[in-house]
Amino acid sequence: MTYSGDPNAPIEAAPTPSIEAEASPSALLPEGVHPTAGTTAELPLPPGATAEQIALGKKIFHGNAEGTCAGCHGADGIGTPVGANLASGTWLWGDGSLQSITDTIKNGVPQPKQHPGAMPPFGGISLSDSDLAAVAAYVRAIGHQKKG
């Protein structure tokens, strides 16, 4: 569009529209929305863990709280060529218990059995005891979820 008015005219804000557009309150995404989308409601609670821990662990795992886990283990822990699939229910470094997962995160994996990527202790970041417990609870939950 080209302006063809007075080049010396003052610049003014556009007038307020006389009619405001309204969004449809019932509009959904084309595929709809599952009631638990984006939550951890479908994940099993590890013994002694809370839903809040799992939610925090998921945030840390996915890098929303300075975590780096998903970089090697993939979104939702499904694995990559560099890091193991944590959602398969197969455990390479323990029995899949909350304690063995906590120990693996804490100690790292200097010589992996199946992947080229070594994991430094705590995934290479600083984790408080509560953050470590949260990540371990999330990993344990995704590794023990029922496959539909």
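In what follows, contact means heavy atoms within 4.5 Å. Keep in mind as you click around that this is a predicted model.

**Whole chain**

Start with everything shown as cartoon. You should find 4 helices and 0 strands in the protein chain, so colouring by helix is enough to get your bearings; read along the sequence, the pattern is α-α-α-α. Now switch to a surface. The accessible surface of the protein chain comes to about 10100 Å², and carbon and sulfur atoms account for 57% of it. Of the 148 residues, 26% count as buried. If you draw contacts between residues at least 6 apart in sequence, 51% of them join residues at least 24 apart.

**First stop: L43**

Select L43, in the segment before α1. What does L43 touch, leaving aside its neighbours within four places in sequence? Show sticks for I54, Y138, A141, I142 and Q145, and you have the contacts of L43. Put a distance label between the C-alpha atoms of L43 and Q145: they sit 5.7 Å apart in space, with their positions 102 residues apart in sequence. Is L43 buried or exposed? L43 has a relative accessible area of 16%, and because the cut-off for buried is under 20%, L43 counts as buried.

**Second stop: the nonpolar core**

From L43, widen the selection to the largest nonpolar core, which has 19 residues. L43 belongs to the group that touches the most other members, together with I54, F61, I105, V135, Y138 and V139. Colour those seven names first, then add the rest of the core. Which helices feed this core with at least two residues each? They are α1 (51-61), α2, α3 and α4. The largest share, 8 residues, comes from α4.

**Third stop: helix α3**

Hide the rest and keep α3 (98-107). Its buried residues are S100, I101, T102, T104 and I105. Bring α4 back into view, since α4 is part of what covers them. I105 is worth a second click, being one of the best-connected members of the core you just left.

Next, T104, also in helix α3. T104 has 18% relative accessibility and so counts as buried. Beyond its neighbours within four places in sequence, T104 is in contact with W93, V109 and M119. Before moving on, look just past the helix: α3 is followed by G108, with a positive phi near 75°.

**Fourth stop: the largest pocket**

Turn on the largest pocket, with a volume of about 660 Å³. Which of its 36 lining residues lie nearest its centre? Select H73, A84, L86, V109 and M119. Two of these names, V109 and M119, are contacts of T104. By class, the lining has 21 nonpolar, 14 polar and 1 charged residues. The elements giving two or more residues to it are α2 (69-73), α3 (98-107) and α4 (129-143), and α3 gives the most, with 4 residues.

**Fifth stop: H73**

Stay at the pocket and centre on H73, in helix α2. Show its partners: not counting residues up to four places away in sequence, H73 touches F61, I78, G79, T80, G83, A84, L86 and M119. A84, L86 and M119 are also among the residues nearest the pocket centre, and F61 is a core residue. At 13% relative accessibility, H73 counts as buried.

**Sixth stop: the loops**

Finish with three loop residues. D76 lies in the loop between α2 and α3. Check its backbone: phi is near 55°, a positive value in a residue other than glycine. The relative accessible area of D76 is 38%, so it is partly exposed.

Jump to the loop between α3 and α4, where you will find F122. F122 is not a glycine either, yet has a positive phi of about 60°. At 25% relative accessibility, F122 counts as partly exposed.

In the loop between α3 and α4, click Q114 as well. Is Q114 buried or exposed? At 56% relative accessibility, Q114 counts as exposed. For a last label, join the C-alpha atoms of Q114 and A84: the two residues are 30 apart in sequence and 7.5 Å apart in space. A84 takes you back to the pocket, as one of the residues nearest its centre.

Methods
Residues are numbered from 1 along each chain as its sequence is written. This is a predicted model: local features need pLDDT of at least 70, side-chain atom pairs count only at pLDDT 80 or more; totals for chains, interfaces and linings use all residues. Side-chain values use heavy atoms; hydrogens and water are left out. Buried means under 20% relative accessible area, exposed over 50%, partly exposed in between (1.4 Å probe, protein chains only). Accessible areas come from the Shrake-Rupley method with a 1.4 Å probe; for residues, only the protein chains shown count as cover. On a 1 Å grid over the protein atoms alone, a cavity is a set of points where a 1.4 Å probe fits but cannot get out, and a pocket is an open set with protein on both sides within 12 Å along at least five of seven lines; lining residues have an atom within 4 Å of a point. Grid points are joined across faces, edges and corners, and a volume is the space filled by probe spheres set on the points. Ala, Val, Leu, Ile, Met, Phe, Trp, Tyr, Cys and Pro count as nonpolar, Asp, Glu, Lys and Arg as charged, and the others, Gly among them, as polar. A nonpolar core is a set of buried Ala, Val, Leu, Ile, Met, Phe, Trp, Tyr and Cys residues joined through side-chain atoms within 4.5 Å.
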